Amino acid sequence: MKRIKTRQITNKYTVRGVFFGIVFLALSVLITSNSYLFVSQKGTFNDLFKMYPGLWLAAVMPIAFGIIGYYLAKGFVKIIKKQQQLLNKEAQRSQIVFDFIENLRQGNLETAIPIEQETDKLGQSLYRLKDFLIKNKLEEEQRRIEEEQRNWVTQGLAQFSEILRNSSDNLENLSYNIIHYLVNYSKINQGGVYLLNTKISGDKYFELKACIAFDRKKFTDKTILWGEGLIGRCALEKQTIYLTDVPNDYITITSGLGEANPRAILMVPLKVNEEIHGVIELASFNLFQPYEIAFVEKTAESSASTISNVKINIQTSNLLKETQIQAEKMSQQEEELRQNLEEMQATQEESERTAIEMKGIIEAIDHAAINCEFETDGTLISVNKNFLKTFKYNLEEIEGQNLRIFFFKNDLPELDKILADLKNGHNFKGRVRRRNKTGEEIYLLSTYTPVIDNEGEIIKILSLENDVTDQVKMEEELKRSKEELGILLEEARNEVKEQFREMESVKIRNEKTLEGALDAIITTDKEGTVQFFNIAAEKLWGYDRQEVLGNNVSMLFSADTIINDEFVRTFVTADEKKVVGERREAPIKNKYGDEIPVLFLLSEAQVGLEHSFTAFIQNVEVELF
Amino acid sequence: MTYKEYLLELKKYSPYDFSEYSDNSIQRRLQKVLDEYKMTLEELRERTINDNLFVEQLVNDITVNTTDFFRDADIWLEYVETVLNKLSARQQIKIWHAGSSTGKEVYSNLILLDELGILKKTQVFATDINQQVLKEATQGTYRYSNNIKSIETYIKILEANKDNSSIKSINLEKHFNINIANDQLKVNNKYLSLPIFKKHDLVQGAIPFEEKFDIIFCRNVLIYFNTSLQTRILKIFHDHLNTSGVLILGNHEGLTGFFKTRFNRLGSFFVKSNSFHFKY
Ligand SMILES: C[S@@+](CC[C@H](N)C(=O)[O-])C[C@H]1O[C@@H](n2cnc3c(N)ncnc32)[C@H](O)[C@@H]1O
């Protein structure tokens, strides 16, 4: 196309040159033809040329101008071509720069710059641009990562502080929540929280309060002494310890893949205001990033202050509990004291009750008994009115006297014996004879009781006595009359005995007679029990008397007879009025069940309160031979 | 409503009869309860009728459970010499603590039986009306600070009477587990299972065991009863004692009514006599 264009240009300029030459020729002809000279001559056209030979020159003008135009155009075309080449080159460069920038825009920072002359200004600035962009991008990447890490940390801390806020007042739970969160959030393999504790002895030690997948080889128990091992060092230095070169026997991580040594261990002290509360230990298969370490350190800080708060809370609540217990104890003690007082009061009242009772008894004794008190040697200490009345003394007369004055001379040895016994703590009880002021003898029923104090010493003897003189006199009288009576009684008894004997023999005689009678004879008592059954009766009934005696007489009759026969009914029934003194015929029933008609005659006898009935029975059946 | 009327209501609506308790004492205890619960007798009656648990609490509140290890130390000396020594030849010894409270009296006794080597053949029953104190008794755990003194007092008295007593001293550690930090004094475990603790109300008469006893302790219980109730309780004891069995009452308690003649005195104790006749 550009070619065509250049030809067009040469053509155009050649044509324009030819045309200009023609115009010049025509003008020249015109001018010359109109000239006076020519006009005046009136010559032909040829004449003109002859007249003006210069016209020949004018006639070649179109060719000349055409050639000039052609070459001029050619020169132009050459310049244009050159110019166009230059333009093309420029355009090419712009395209490359454009592509490059486009690439940069799309983020392909690694594209090489295809410009040979890097020294050229554009190249250089492009290089600078590229470097700038690369740097920018790296920075941006870095910022993004940092931003992410920052977000991770902030989010983590926010969640963590939520956990701390919601923590109960229980160190185990709190520790577990802390380690659980740390291990999960940081995607660590295992971890534990050691809290500092103090023994009663004052020794400090670390106690593994909570752990996730923890398996310490070296420390089977969960306590570590202050300053011992890495945990101890971490606490001692109050510095984070980060280990990537983990000793083989330090810790293993147990996972689904078995046991393995961790690649990194991180220990962070739990400290508030430089005070150590414990250590967090984390173990991982991955290395810890600095921001992770920083995160753990931050959480450790807030954990420590929460732990310290919880510790204080626990202490406070313990204190509170203690105070409560104390208060409870006090109210318990108050109740106990009150009960003690009640017991004392009840005891006192009971004692008073018995004291009143005692007083009553003592008053009664004073009224009823002869009472005195004396010392162990017999010296009187006190006496009551009854005493004075019985012995017929005035009080003044016996004050300070000895018991002896109430004894008959020959009774004195008895007194000494009694006093000796009393001194040994024995009581005395018995009937004694005493002498009153007028020298009469009196009889007393006496009890002497030693009164013993708490030390077991006898303080005095208490004497209670009853005047039984009358009784004694009466008894003596009685004894005498009893003796008389005895003789009389003996006589009477003998007489009665004799009578009994007689009665017995009469009875036997009678029974013998009855026994021997031909009539059957039975005797019953009031109740109808058979008392006597003679041989004739045995024959009649066929019973042996042993079978009948002691039984009720109704066994000797049939039931029918007992119901229907008036005589038999009244005879066998206790308390019925019986038919006495009249002969009556009635059937008896013998041992074999046969009924035999017989004649009865019933007689009644009374000895004292004892009624008895005797029936005489004759067989009316005529025996046929 | 008077407190006496209240006691009759209590008797009507609950198994408990305090109507024959000693007037003054029961009145003071009831007053204390009223003060504590801020109630009138009428309100107390309402609660009593409608609330069984409250009644149990009331029994706990009313009863006086004062007791001690080796309470009245002298008595225990005398007890060892005049009662236990005589029984030591027996095949078997049966003892009843009536109104045993928190069991200190029971364990005091067990310790002495142990010291004399006759623990094995002894059977010990202990009763109280108050469920709460019985529970404490079965646990045998007491406050060290409150009890150590009375035990030490007894030990001192024992040691002072070395020459004429069968038990010369008592080793604290042998009979008690002591934890001073917890203020705890626990009787040796071997004693815990020995006594049979049972809830029993003396007023109700019927005894929850068939046995007759060689020794009955009923110390500082009768002081809370009026005379007629005392006499009734004494009859129960008399009925449940073997001939020559010993009744041990509190220091200020004595026999009432006809029981004065059915027991003989043996020092501070009462021995059931086999004679029912008044001895002149
Ligand atoms: C003051 S304590 C005596 C404790 C122990 N016997 C002593 O002397 O050390 C009285 C005890 O008797 C109990 N008690 C009161 N009335 C009772 C009853 N009707 N039946 C059984 N025990 C009763 C009380 O619960 C209390 O524990």
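1. A good place to start is the pair A:Glu342 and B:Arg28, which form a salt bridge with their closest N and O atoms 2.9 Å apart. Please keep in mind that this is a predicted model. Across the interface of chain B and chain A, the rule finds 5 salt bridges. As general background, side chains of opposite charge can pair when their charged atoms come close.

2. Polar contacts also cross the interface of chain B and chain A: 13 residue pairs are found, with both residues at pLDDT 80 or more. On the side of chain B that touches chain A, the elements giving two or more residues are helix H2 (23-37) and helix H11 (227-239) of chain B. The largest share of that side, 6 residues, comes from H2(B). Sorted by class, the side of chain B that touches chain A has 11 polar, 8 charged and 6 nonpolar residues.

3. How many residues does each chain bring to the contact? Chain A gives 21 residues and chain B gives 25. The area buried between the two chains is about 2,000 Å², and carbon and sulfur atoms give 37% of that area.

4. Turning to the inside of chain B, helix H1 (residues 3-13) packs with helix H3 (residues 41-50) at an angle of about 5°, and their axes are 10 Å apart. Why does H1(B) count as roughly parallel to H3(B)? The angle of about 5° falls in the range for that label, because angles under 35 degrees count as roughly parallel.

5. Which residues make this helix contact? From H1(B) come B:Tyr3, B:Tyr6, B:Glu9, B:Leu10 and B:Tyr13, while H3(B) supplies B:Leu41, B:Leu44, B:Arg45, B:Thr48 and B:Ile49. By class, the contact of H1(B) with H3(B) has 7 nonpolar, 2 charged and 1 polar residues.

6. Finally, the salt bridges of the model as a whole: a search of the whole structure finds 44 over all chains. One pair you may like to display is B:Lys4 with B:Asp23, which form a salt bridge with the closest N and O atoms 3.7 Å apart. This pair links distant parts of the chain, 19 residues apart: B:Lys4 lies in helix H1 of chain B, and B:Asp23 lies in helix H2 of chain B.

Key. Residues are numbered from 1 along each chain as its sequence is written. Chains are lettered from A and ligands numbered from 1 in the order in which they are written. This is a predicted model: local features need pLDDT of at least 70, side-chain atom pairs count only at pLDDT 80 or more; totals for chains, interfaces and linings use all residues. Side-chain values use heavy atoms; hydrogens and water are left out. Contact means heavy atoms within 4.5 Å. Buried area is the accessible area (1.4 Å probe) that two parts lose on being put together, summed over both. A salt bridge is a side-chain nitrogen of Lys or Arg within 4 Å of a carboxyl oxygen of Asp or Glu. A polar contact is a pair of N or O atoms within 3.5 Å; within protein, one must be able to donate a hydrogen and the other to accept it, and residues adjacent in sequence count only if both atoms are side-chain atoms. Helices (H or I, at least four residues) and strands (E, at least two) are DSSP runs, numbered from the N terminus. Ala, Val, Leu, Ile, Met, Phe, Trp, Tyr, Cys and Pro count as nonpolar, Asp, Glu, Lys and Arg as charged, and the others, Gly among them, as polar. Axes are lines fitted to C-alpha atoms, for helices over the stretch in contact, and angles run from 0 to 180 degrees between N-to-C directions.
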